[in-house]
Amino acid sequence: MGNIVTQIACGRQHTLAFTPSCGKMDSFGLGGNGQLGTRSSCNRKSPGPVKGPWIQSADSDDAVIDQNCCIKRIYAGGDQSFAHYCATNSLHNSDNMATSENQRRVCTLNEETIQKWLNHTPGRLPLEISSEIDLVFSTASCLNGSFLSMSHPDHYSTSSKCSGTDMNMARLLFHRLITPDYPEIAQQIAASLEKNLIPRLSNSPPDIEALRLYLTLPECPLFGDPNNFVTIAIPFAKSLLGLKEAALKVLGNWWSTFEHQVFQRLVELYKEVVVYLLQMHKVGIPSTEQRIFTCFLDTSLRLLEILHMVNERAGHIIQYDKFYIHELDDLIDIRNDYITWIQRQMYPVVSIFSCLNYIGRKKQGHDGVVTMCRYPFVFDAPAKTTLLQTDAVLQMQMAVDQAQMQNLSSMFMPAVESVNPCLILIVRRENIVGDTMEVLRKSKNVDYKKPLKVIFVGEEAVDAGGVRKEFFLLIMKELLDPKYGMFRYHEESRLLWFSSKTFEDIDLFNLIGVICGLAIYNLTIVELNFPVALYKKLLKRNPMLDDLKELMPDVGRSLQLLLDYAEDDLEETFCLNFTITEENYGATEVLELIPNGENINVNKSNRQDFVNAYVDYSFNTSVAPLFECFYAGFHKVCGGKVLELFQPNELQAMVIGNTNYDWTELEKSTEYKGEYWADHPTVKLFWEVFHKLPLEKKKEFLLFLTGSDRIPILGMKSLKLVIQPTSGGEHYLPVAHTCFNLLDLPKYTSVQTLHQKLLQAIDHNQGFNLA
């Protein structure tokens with residue numbers, strides 16, 4: 001009950017414990033031979049006092065006044081118990097008792113001990129201090145007993161939910177102890193951790209208190225030193241991953257209570273280990289050490305994977321992008337990694353080899369190669385885009401190869417029909433939806449995987465990307481127009497959502513899904529003004545109240561107010577029941593969110609259920625058949641494992657791009673051809689005029705040049721604008737080749753002429769002709 005126990009003695013099936021603060025012995029276990037000291041032969045499940053003339057607390061009713069005895073040592077053996085004690089009046093020096101107790105306590109790391117270690121003369125450590133450091137950092141119990149929290153709930157309340165550890169104290173004391181001024185102390189600690197502590201850690205600790213060191217040790221600065229990654233950080237991670245499932249679950253619970261800075265430090269530590277290993281691999285690793293490197297890398301990534309799962313379950317202690325390793329693009333060939341990963345998925349190989357003393361694997365197919373795609377949470381958005389591009393190229397090539405094989409067969413087998421290796425859309429601008437639906441309805445699923453080519457009837461341009469961009473722009477603008485009643489426009493958020501009441505053919509929603517899938521698959525930005533909830537649903541995740549706040553801010557705020565209301569008159573104040581009121585084409589309709597919802601009032605006990613039902617109805621129930629068609633059309637084109645690597649926000653940026661305009665970056669990344677260069681007079685005039693344009697005109701210029709006024713997920717530099725001169729005079733207009741982001745810029749000599757001609761060109765940005 002919070003008393004400090006300084007001595008424990010164990011017999012065969014009974015235990016003695018001594019608590020000096022109250023001068024008592026307690027015993028528990030079997031007592032058939034009277035070994036519990038209760039003067040009976042009864043067993044005892046919980047600790048109780050041993051009867052005897054011991055010194056007891058001053059307020060005890062049964063304190064023995066005439067013969068108080070002081071316990072010096074307790075023993076238990078077999079079915080016997082002993083106490084070595086003496087009368088208080090025979091104690092010659094009470095300090096001896098205190099000294100004896102101090103010598104018997106567990107040696108822990110605290111301010112007093114650290115100060116004693118730091119007081120030594122710089123240079124070689126005295127033997128006494130060296131031995132004490134080795135004792136503390138070689139013994140798990142010493143570290144588990146250190147950094148105990150004294151605040152509420154204190155370490156006496158340690159449980160699977162509470163570690164009883166003060167992480168800030170651990171960080172401060174570790175950083176006070178390990179400094180450049182005392183390298184000999186750091187060397188001794190590193191040696192003790194490497195040679196004694198970590199190799200001896202058990203995979204099945206006797207109690208949850210023995211797990212505390214797994215929280216505190218990574219706060220030690222030695223873990224963050226690259227020189228210690230292979231000797232300390234990785235072996236520590238291996239020991240942690242080797243813990244039994246119950247122990248790992250407790251650690252996960254403790255991690256989930258971390259402050260975000262503490263959790264972030266742990267994540268950053270093992271991200272740095274992964275980067276360090278990949279840098280070593282890039283420099284070159286001998287073939288004899290390749291298997292060890294694989295084990296090291298996989299161990300570090302698996303620990304990050306566990307931390308990522310803890311982060312997800314805890315509702316994001318840190319943002320998901322804090323797990324990104326941005327250096328991956330420079331350290332690995334992402335395309336080859338993806339191809340290797342896909343091959344492992346299609347043709348799993350179980351190797352007969354395994355890493356020496358390596359932890360048991362839960363994932364099959366390990367054949368000595370670590371593919372980063374198995375750990376998608378470390379990929380940032382540009383890396384995932386590269387993966388998507390690689391996947392699209394692979395699937396397109398497979399579709400083309402299949403078509404060519406079929407065409408080859410048709411030459412010798414008349415029954416086999418020849419096919420086009422591309423998906424060709426021949427459309428009229430005035431009937432773009434009808435013409436597109438006609439082609440797509442006749443197409444098979446395999447056709448959607450082919451490269452897309454678009455031809456506008458009556459226009460000469462050959463589609464090398466630019467025509468396709470305008471096609472997506474025009475058809476999405478037409479399909480999403482609220483006047484058709486397929487989608488509802490929310491004025492406050494300026495976003496669209498499926499209309500629960502529509503008279504349009506449900507097949508149109510399938511078409512929109514196919515169009516969105518084709519846009520992603522062909523790496524083309526489309527204007528799809530939907531909330532993040534759409535992308536969550538495409539990735540099979542459930543929208544939440546925050547998503548409703550994005551789509552309908554007023555409604556979202558009202559529901560949050562309902563959840564936050566603290567008074568007892570909630571029912572009378574809000575006057576709500578489990579219904580929702582909708583307006584459709586001028587008519588008001590009241591719908592029940594749950595069976596008999598009209599007769600169930602919203603109160604404090606069920607308000608969360610009401611909010612959940614409201615969100616579910618808005619995003620799921622009311623639009624289920626429409627979204628199912630959209631989802632089916634989308635996944636005909638763009639399904640598969642690569643899509644699952646994306647977060648909803650990243651998928652949204654892939655589809656619609658973003659508006660993070662950086663016009664200076666656009667200028668820096670622009671390339672020049674012919675006699676143009678960055679300091680050519682005409683080029684300098686162009687940028688002078690461009691930077692003075694209002695934002696809307698700059699966006700129109702992007703639309704004129706690239707086919708979209710939004711920025712790809714990879715940023716402004718990925719546009720790769722190219723400017724080249726033309727031989728015509730100043731009376732010619734600039735010409736855009738949207739397929740290549742190429743601008744033909746005549747050699748204008750005045751600001752006024754360039755400004756006039758540029759605006760004239762970008763104001764006429766529809767239609768294609770051969771230039």
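Here is a walk through this protein, from the whole chain down to a few single residues.

The model is predicted, so a few ground rules apply: local features need pLDDT of at least 70, side-chain atom pairs count only at pLDDT 80 or more, and totals for chains, interfaces and linings use all residues. Residues are numbered from 1 along each chain as its sequence is written, and side-chain values use heavy atoms, with hydrogens and water left out.

Let's start with the whole thing. The protein has 30 helices and 16 strands; these are DSSP runs numbered from the N terminus, with helices (H or I) of at least four residues and strands (E) of at least two. Of its 771 residues, 48% count as buried. Buried here means under 20% relative accessible area, exposed means over 50%, and partly exposed is in between, using a 1.4 Å probe and protein chains only. The accessible surface adds up to about 39300 Å², and 52% of that belongs to carbon and sulfur atoms; the areas come from the Shrake-Rupley method with a 1.4 Å probe, and for residues only the protein chains shown count as cover. Now take the contacts between residues at least 6 apart in sequence: 67% of them join residues at least 24 apart. Contact means heavy atoms within 4.5 Å.

Next, some helix packing. Two packed helices are described by the angle between their axes and the distance between the axes. The axes are lines fitted to C-alpha atoms, for helices over the stretch in contact, and the angles run from 0 to 180 degrees between N-to-C directions.

Find helix 10 (residues 260–283) and helix 11 (residues 290–313): their axes come within 10 Å and cross at roughly 155°. That makes helix 10 roughly antiparallel to helix 11. On this scale, angles under 35 degrees are roughly parallel, over 145 roughly antiparallel, 65 to 115 roughly perpendicular, and the rest oblique. Helix 10 passes helix 11 in a left-handed crossing, meaning that the near helix is turned anticlockwise from the far one by less than a right angle (clockwise would be right-handed). On the helix 10 side, the residues making the contact include Phe263, Leu266, Tyr270 and Leu277, while helix 11 brings in residues including Phe293, Phe296, Leu304 and Val310. By class, this contact has 16 nonpolar, 4 polar and 1 charged residues. Ala, Val, Leu, Ile, Met, Phe, Trp, Tyr, Cys and Pro count as nonpolar, Asp, Glu, Lys and Arg as charged, and the others, Gly among them, as polar.

Helix 11 also packs with helix 8 (residues 229–241), at an angle of about 55° and with the axes 9 Å apart. That makes helix 8 oblique to helix 11. The crossing of this pair is left-handed. Val230, Ile234, Ala237, Lys238, Leu240 and Leu241 of helix 8 meet Phe296, Thr299, Ser300, Arg302, Leu303 and Ile306 of helix 11. The class count here is 8 nonpolar, 2 polar and 2 charged residues.

Just look at the loop between helix 7 (212–216) and helix 8 and you'll find proline 226. Proline 226 is partly exposed, at 39% relative accessible area. Its C-alpha sits 7.4 Å from that of tyrosine 276, though the two are 50 residues apart in sequence.

Now for the early part of the chain. Phenylalanine 28 belongs to strand 3 (residues 24–29) and, at 27% relative accessibility, is partly exposed. Beyond residues up to four places away in sequence, phenylalanine 28 touches His14, Thr15, Leu36, Arg44, Lys45, Ser46 and Pro47. Arginine 39 is in the loop between strand 3 and strand 4 (44–49), where it counts as exposed at 70% relative accessibility. Arginine 39 has a positive phi of about 65° although it isn't a glycine.

Cysteine 575 has a positive phi too, about 50°, and isn't a glycine either. This cysteine 575 sits in the loop between helix 22 (570–574) and strand 11 (579–584) and is exposed, at 60%.

Two buried residues finish the tour. Serine 618, in helix 23 (residues 607–619), is buried at 10% relative accessible area. Leaving aside neighbours within four places in sequence, serine 618 is in contact with Trp497, Leu548, Met552 and Val623. Leucine 759 is in helix 30 (residues 751–762) and is buried at 19%. Not counting residues up to four places away in sequence, leucine 759 touches Leu693 and Lys697.
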